[in-house]
Amino acid sequence: MTCTDFLSKMTDYFDGEVEPELLTEIQSHLAECDHCEILVDTTRQTIRVYRDHQVFELPNEVRERTVARIMAACVKH
Ligand SMILES: [Zn+2]
C-alpha cells in the first residue's frame, strides 16, 4: 500500500467500512509511515472536535488541507 492508496481509502477507514484484509494493509502502512500516522491522529482529533459540536462530517476544506500537507511530505520519500 502506498500513501496515495491509503488516502483514497481514508474516509472508508474512518467510517469503519473497510474489509478486514484491507484493514490489515492499512494498519501495516500506518505502522511504517509516519506521515500517514500523523494524518490519522490529526483527523481523529478533528473528527472528535466536530463531533462535540454535533457536526459529524469532516469538512472537505480541513481534509483537503491536511491531505495536501501530508502528500507534500510523502513525495520526499
Ligand atoms: Zn503513508
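# Exercises on a zinc site and a nonpolar core

The zinc ion is held by four donor atoms: Cys 3 (SG), His 29 (NE2), Cys 33 (SG) and Cys 36 (SG), at 2.1 to 2.3 Å. Keep in mind as you work that this is a predicted model.

**Exercise 1. Find out which arrangement the four donor atoms make around the zinc ion.**

Step 1. Start with the angles: the donor atoms subtend 99 to 114 degrees at the zinc ion.

Step 2. Recall the rule that four donors count as tetrahedral if all angles lie between 85 and 135 degrees.

Step 3. The range of 99 to 114 degrees fits that rule, so the arrangement is tetrahedral. For comparison, the ideal angle for four tetrahedral donors is 109.5 degrees.

**Exercise 2. Work out how the donor residues of the zinc ion are spaced in sequence, and which parts of the chain Cys 3 and His 29 tie together.**

Step 1. Read the donors along the chain to get the spacing C-x25-H-x3-C-x2-C.

Step 2. Place two of them: Cys 3 belongs to helix α1 (residues 3-15), and His 29 to helix α2 (residues 20-32).

Step 3. Because these two residues sit in those helices, the pair ties together parts that are 26 residues apart in sequence.

**Exercise 3. Decide whether Cys 3 and His 29 are buried or exposed, then list what His 29 touches.**

Step 1. The cut-off you need is that buried means under 20% relative accessible area.

Step 2. Cys 3 has a relative accessible area of 14%, so Cys 3 is buried. His 29 has 6%, so His 29 is buried too.

Step 3. Now look around His 29. Setting aside residues up to four places away in sequence, His 29 touches Met 1, Thr 2, Cys 3, Phe 6 and Cys 36. Two names here, Cys 3 and Cys 36, are also donors to the zinc ion.

**Exercise 4. Search for aromatic pairs and describe how their rings meet.**

Step 1. The whole structure holds two aromatic pairs.

Step 2. One of them is Phe 6 with Tyr 13, whose centres are 6.2 Å apart and whose planes make 65 degrees, an edge-to-face pair.

Step 3. Next come Tyr 13 and Phe 14. Their ring centres are 5.4 Å apart and their planes are at 65 degrees, so this pair is edge-to-face. The rule behind this step is that planes over 60 degrees apart count as edge-to-face.

Step 4. Join the pairs up: Phe 6, Tyr 13 and Phe 14 are linked into a cluster.

Step 5. Check the surroundings. Phe 6 is buried at 0% relative accessibility, and Tyr 13 is buried at 15%, whereas Phe 14 is partly exposed at 23%.

**Exercise 5. Describe the largest nonpolar core and the elements that build it.**

Step 1. Get the overall layout: the protein has four helices and zero strands, in the pattern α-α-α-α. Of its 77 residues, 29% count as buried.

Step 2. The largest nonpolar core has 15 residues, and those with the most contacts inside it are Phe 6, Tyr 13, Ile 26, Leu 30, Cys 36 and Leu 39.

Step 3. Two or more core residues come from each of α1, α2, α3 (34-52) and α4 (60-74). Helix α1 gives the largest share, five residues.

Step 4. Take Leu 39 as an example. Beyond its neighbours within four places in sequence, Leu 39 is in contact with Phe 6, Leu 7, Met 10, Thr 66, Val 67 and Ile 70.

Step 5. Finish with a general idea: in soluble globular proteins, nonpolar side chains tend to be buried together.

Conventions
Residues numbered from 1 in each chain as written. Predicted model: local features only at pLDDT ≥ 70, side-chain atom pairs only at ≥ 80, totals over all residues. Heavy atoms only, no water. Buried < 20%, exposed > 50% of the residue type's maximum accessible area, 1.4 Å probe, protein only. Donors = N, O, S within 2.8 Å, 3.2 Å for Na, K, Ca; no water. Tetrahedral: all angles 85-135°; square planar, octahedral: opposite > 155°, others 65-115°. Phe/Tyr/Trp six-rings, centres within 6.5 Å; stacked < 30°, edge-to-face > 60°. Contact = heavy atoms within 4.5 Å. Core = buried A, V, L, I, M, F, W, Y, C linked by side-chain atoms within 4.5 Å.
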